[in-house]
Amino acid sequence: KPKQMYGAMEGTFDGYANMFTSNGQFWHSRRKGMSPAFASKHIKRMNLVATQKVDQWIETKLSSFIKNDQAFDVAKEMINVVF
């Protein structure tokens, strides 16, 4: 993998090999193991879940912010939606 793209990630895994910075058989086995998670049916399901979470956030939090003319931290709110 090109060092200029992935070199910065080398230290983020405490020196352990990972699929972002490795090549060859190690990379291939990791990629093959993860690919089922990105199958079309899983992506569609996660899209549905994400849509439901955002709709719920709009109904509960955003409508409250608007009703009370209240400012909010977008980054904090989006982290709360995701996690």
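Phe13, Tyr16 and Phe20 together make a nonpolar surface patch of about 330 Å², a feature read here from a predicted model. One member of this patch, Phe13, lies in the loop between helix H1 (3-6) and helix H2 (24-34). Phe13 is classed as partly exposed because its relative accessible area is 31%, a value that falls between the limits of 20% for buried and 50% for exposed. With 31%, Phe13 also passes the requirement of over 30% relative accessible area that applies to residues of a patch.

The loop between H1 and H2 also holds Ala8. In contrast to the partly exposed Phe13, Ala8 has a relative accessible area of 71% and is therefore exposed, since the exposed class begins over 50%. Ala8 and Thr21 are 13 residues apart along the chain, and their C-alpha atoms are separated by 9.2 Å.

How much confidence the predictor attaches to these regions is a matter to keep in view. The chain averages a pLDDT of 88, and 99% of the residues score at least 70. Among the elements of the chain, the lowest mean pLDDT, 74, belongs to H1, whereas H3 has the highest, 95. Where pLDDT is low, predicted coordinates should not be read in detail.

Helix H3 covers residues 40-67, and its 28 residues should span 40 Å at 1.5 Å a residue. The C-alpha atoms at the two ends of H3 are 39 Å apart, which agrees with that expectation. The helix nevertheless has a bend of about 40° at Ile58, where the angle is taken between axes fitted to the seven residues ending there and the seven starting there. After H3 comes Asp69, whose phi is positive, near 50°.

H3 also takes part in a contact between side chains, for Lys61 and Glu77 meet in a salt bridge with an N to O distance of 3.9 Å. This pair links distant parts of the chain, with Lys61 in helix H3 and Glu77 in helix H4 (residues 74-82), 16 residues apart. The distance of 3.9 Å satisfies the criterion of a side-chain nitrogen within 4 Å of a carboxyl oxygen, and by this rule the count comes to one salt bridge. The two partners differ in their accessibility class: Lys61 counts as partly exposed because its relative accessibility is 37%, while Glu77, at 4%, counts as buried, the limit for that class being under 20%.

Technical notes:
Residues numbered from 1 in each chain as written. Predicted model: local features only at pLDDT ≥ 70, side-chain atom pairs only at ≥ 80, totals over all residues. Heavy atoms only, no water. Patch = residues over 30% accessible without salt bridge, like charges linked within 9 Å, V, L, I, M, F, W, Y side chains within 5 Å. Areas by Shrake-Rupley, 256 points an atom, 1.4 Å probe, with all protein chains shown as cover. Helix = DSSP H or I, 4+ residues; strand = E, 2+ residues; numbered from the N terminus. Buried < 20%, exposed > 50% of the residue type's maximum accessible area, 1.4 Å probe, protein only. Expected span 1.5 Å × (residues − 1). pLDDT = per-residue confidence, 0-100.
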